[in-house]
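The following paragraphs offer a guided reading of a single structure. Please consult the sequence and the coordinates together.

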Amino acid sequence: EINGKTILVQGVDPNVRLATYLRDSGLTGTRIGCGEGGCGACTVFLERIEANGEVVRGPCNACLLPLYTLDGASIRTTEGIKQGGEYHPVQRRIADFNGSQCGFCTPGMVMSIYSSLRKSDGDVTMAQVDKCLDGNLCRCTGFRPILDAGRSFARDSNVKTDIPVEFLPLDQAKEPTFPDSLRAYVAASPKKVFQSVTKVIYVP
């Protein structure tokens, strides 16, 4: 599932990475920078269900993640986190703090902060926000406005600003939940085989 839509991909080449697939599908907010998982421009939010029924969630580097490993998973990109057609509070907060300059790294920054908030049900500290951005690089802004935007969501936030806007509050009740249809699919899903010219991969 990508951004709430069920996706059926047939004939998956084991060499294809998620970032490439997303961009080829028109979701170009997910950028490919270093291609080695070091810059964070490709960050997306991933949810999947474990064998014990627990849903695990967090950020992932889409440039490293083989597409075939995502069978039964739910992916959110920067295009898919809007709430009621409006920008998500994280997206708005980055803009309000002038945390974007050239914009190349911005979707990854947004998704790292978003993932941290989703993983903790919105209860984060400033230190946790700083930590969640460890893997994101920006070559324009100097990080201060980006960090301030993220820290403004923290329960111990001491961010001071003279920005003349009313910040859009974070409302966890508006966030999507892991779909029951994927739970059922994963429970009934057989073992899968993915094959390319050079390799065969079996997924238990």
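Which residues does I113 touch, not counting residues up to four places away in sequence? In this predicted model, the contacts of I113 outside that window are V90, I94, C132, L133, I146, G150 and F153.

These contacts lead into the largest nonpolar core, which has 23 residues. Within this core, I113 and L133 touch the most other members. Four helices each supply at least two of the core residues: α2 (89-96), α3 (106-119), α4 (126-132) and α5 (144-151). Helix α3 provides the largest share, with six residues. Apart from this core lies another one, made up of 18 residues, including L22, V44, C60 and A62.

Attention now turns to the strands. Strand β1, spanning residues 43-49, pairs with strand β2, spanning residues 55-61. The pairing is antiparallel and extends over seven bridges. One of the positions to inspect is L46, whose bridge partner in β2 is G58. Five residues lie between the two strands of this hairpin, and in the hairpin G53 adopts a positive phi near 90°.

The last stop is helix α1, which covers residues 18-24 and contains R23. Is R23 buried, partly exposed or exposed? Its relative accessible area is 32%, so R23 counts as partly exposed, a class that lies between the buried limit of under 20% and the exposed limit of over 50%. Leaving aside residues up to four places away in sequence, R23 is in contact with T28, T30, R31 and I32.

How values were computed. Residues are numbered from 1 along each chain as its sequence is written. This is a predicted model: local features need pLDDT of at least 70, side-chain atom pairs count only at pLDDT 80 or more; totals for chains, interfaces and linings use all residues. Side-chain values use heavy atoms; hydrogens and water are left out. A nonpolar core is a set of buried Ala, Val, Leu, Ile, Met, Phe, Trp, Tyr and Cys residues joined through side-chain atoms within 4.5 Å. Buried means under 20% relative accessible area, exposed over 50%, partly exposed in between (1.4 Å probe, protein chains only). Contact means heavy atoms within 4.5 Å. Two strands pair if DSSP finds at least two bridges between them.
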